[in-house]
Amino acid sequence: MKNKYTYVWVSLVILVFGIIFIPRIIERVKSGSVVENTRMNVVQGTERPLEYITLNNKKRRVPEFSFLNQDSLLISNEDYKGKVYVVEFFFTTCPTICPIMNQNLVEIQDEFREFDNFGIASFTINPEYDTPIVLKAYAEKYGITDMDWNLLTGSQEEVMKLANEGFNIFAASDPNVPGGFEHSGLFALVDKNGYIRSRKDPYGNPLVYYRGTITESQGENFEGEQEQISILKEDIKKLLLE
């Protein structure tokens, strides 16, 4: 008799479970929530971290720098310690790509305004003209208001060395081009420990830098190059979570 009652009790438990939970499971399957949760877990579990940019098998770290910002405050790489930040090289009288670059950066500024551990460093390649007063006016013109966005000026030799050797982002004076300076219009992304980071391209190679001269709304330029502001935003978020 004891076994008989045991079987009856187990059967009753199974029946109650079926009445209560099976309709809920069916409803979740119909709504897609079970599938969606599974898909999200797979994506999160397989998403790769950003690559370190290397030179001679060593991770590339931002070299030391120290320049005056638009408020005439001395800013160094130490001020960005513990922050994720974007780096650009520009100049205020640039008639071509700089306005687009800074339009994109203002958009990024606004999206990450609430993050105390995010910043931007803009180095002028024409420091002789771009004094702190000029940079301050430029910041007001473009809506640069984040306290962690520094427009930096100093020795032209040091700035050019930082661009071409420190970041390997081309910049040079050239009287034959509009504005008198030639530069690439690329953005570099730096992690909280001062290392240059990026994602891989479709061929498995590090992207290294992000195009700063095409807006998200534009999509691509006349040469068919795709905008990279959207993926830069995604990668900033990844580094902020590290």
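**Exercise 1. The nonpolar core.** Identify the residues with the most contacts inside the largest nonpolar core, and the elements that supply it.

*Solution.* Step 1: A nonpolar core is a set of buried Ala, Val, Leu, Ile, Met, Phe, Trp, Tyr and Cys residues joined through side-chain atoms within 4.5 Å. Buried means under 20% relative accessible area, exposed over 50%, and partly exposed in between, with a 1.4 Å probe and protein chains only. The model is a predicted one, in which local features need pLDDT of at least 70, side-chain atom pairs count only at pLDDT 80 or more, and totals for chains, interfaces and linings use all residues. Residues are numbered from 1 along each chain as its sequence is written, and side-chain values use heavy atoms, with hydrogens and water left out.

Step 2: The largest core holds 54 residues, and F89, F123, F167 and I236 have the most contacts inside it.

Step 3: At least two core residues come from each of β6 (84–90), α3 (98–111), β7, α4, β8, α5 (156–166), β11 (186–190) and α6 (229–241). Helices (H or I, at least four residues) and strands (E, at least two) are DSSP runs, numbered from the N terminus.

Step 4: In soluble globular proteins, nonpolar side chains tend to be buried together.

**Exercise 2. F123 and its surroundings.** Describe the contacts of F123 and the strand pairing at this residue.

*Solution.* Step 1: Contact means heavy atoms within 4.5 Å. Beyond its neighbours within four places in sequence, F123 contacts F65, F67, V87, E88, F89, F90, L152, V159 and L162.

Step 2: Two strands pair if DSSP finds at least two bridges between them. Strands β7 (residues 118–124) and β8 run parallel and are joined by four bridges. In this pairing, F123 stands opposite L152 of β8.

Step 3: Together with helix α4 (residues 132–142), β7 and β8 form a right-handed β-α-β unit. A crossover is right-handed if, with the strands pointing away from the viewer, the path from the first strand over the helix to the second runs clockwise.

**Exercise 3. The faces of β8.** Which residues of strand β8 point one way, and which the other way?

*Solution.* Step 1: In a regular strand the side chains alternate between the two faces of the sheet.

Step 2: In β8 (residues 149–152), W149 and L151 point one way, while N150 and L152 point the other way. Residues on both sides are buried.

**Exercise 4. V84 in strand β6.** Determine whether V84 is buried or exposed, and list what it touches.

*Solution.* Step 1: V84 lies in strand β6 and is buried, with a relative accessible area of 0%.

Step 2: Not counting residues up to four places away in sequence, V84 touches N117, F118, G119, L189, V190, D191, K192, I236, L239 and L240.

Step 3: V84 and I120 are 36 residues apart in sequence, and their C-alpha atoms are 8.4 Å apart.

**Exercise 5. Helix α5.** Name the buried residues of α5 and the elements that cover them.

*Solution.* Step 1: The buried residues are V159, M160, L162, A163 and G166.

Step 2: Their cover includes β4 (66–68), β6, β7, β9 (171–173), β10 (181–183) and β12 (196–198).

Step 3: Just after α5, N168 takes a positive phi of about 60 degrees.

**Exercise 6. Cysteines.** How many disulfides does the whole structure have?

*Solution.* Step 1: A disulfide is a pair of cysteine sulfur atoms within 2.5 Å.

Step 2: A search of the whole structure finds zero disulfides.

Step 3: C94 is buried at 7% relative accessible area, and C98 is buried at 0%.
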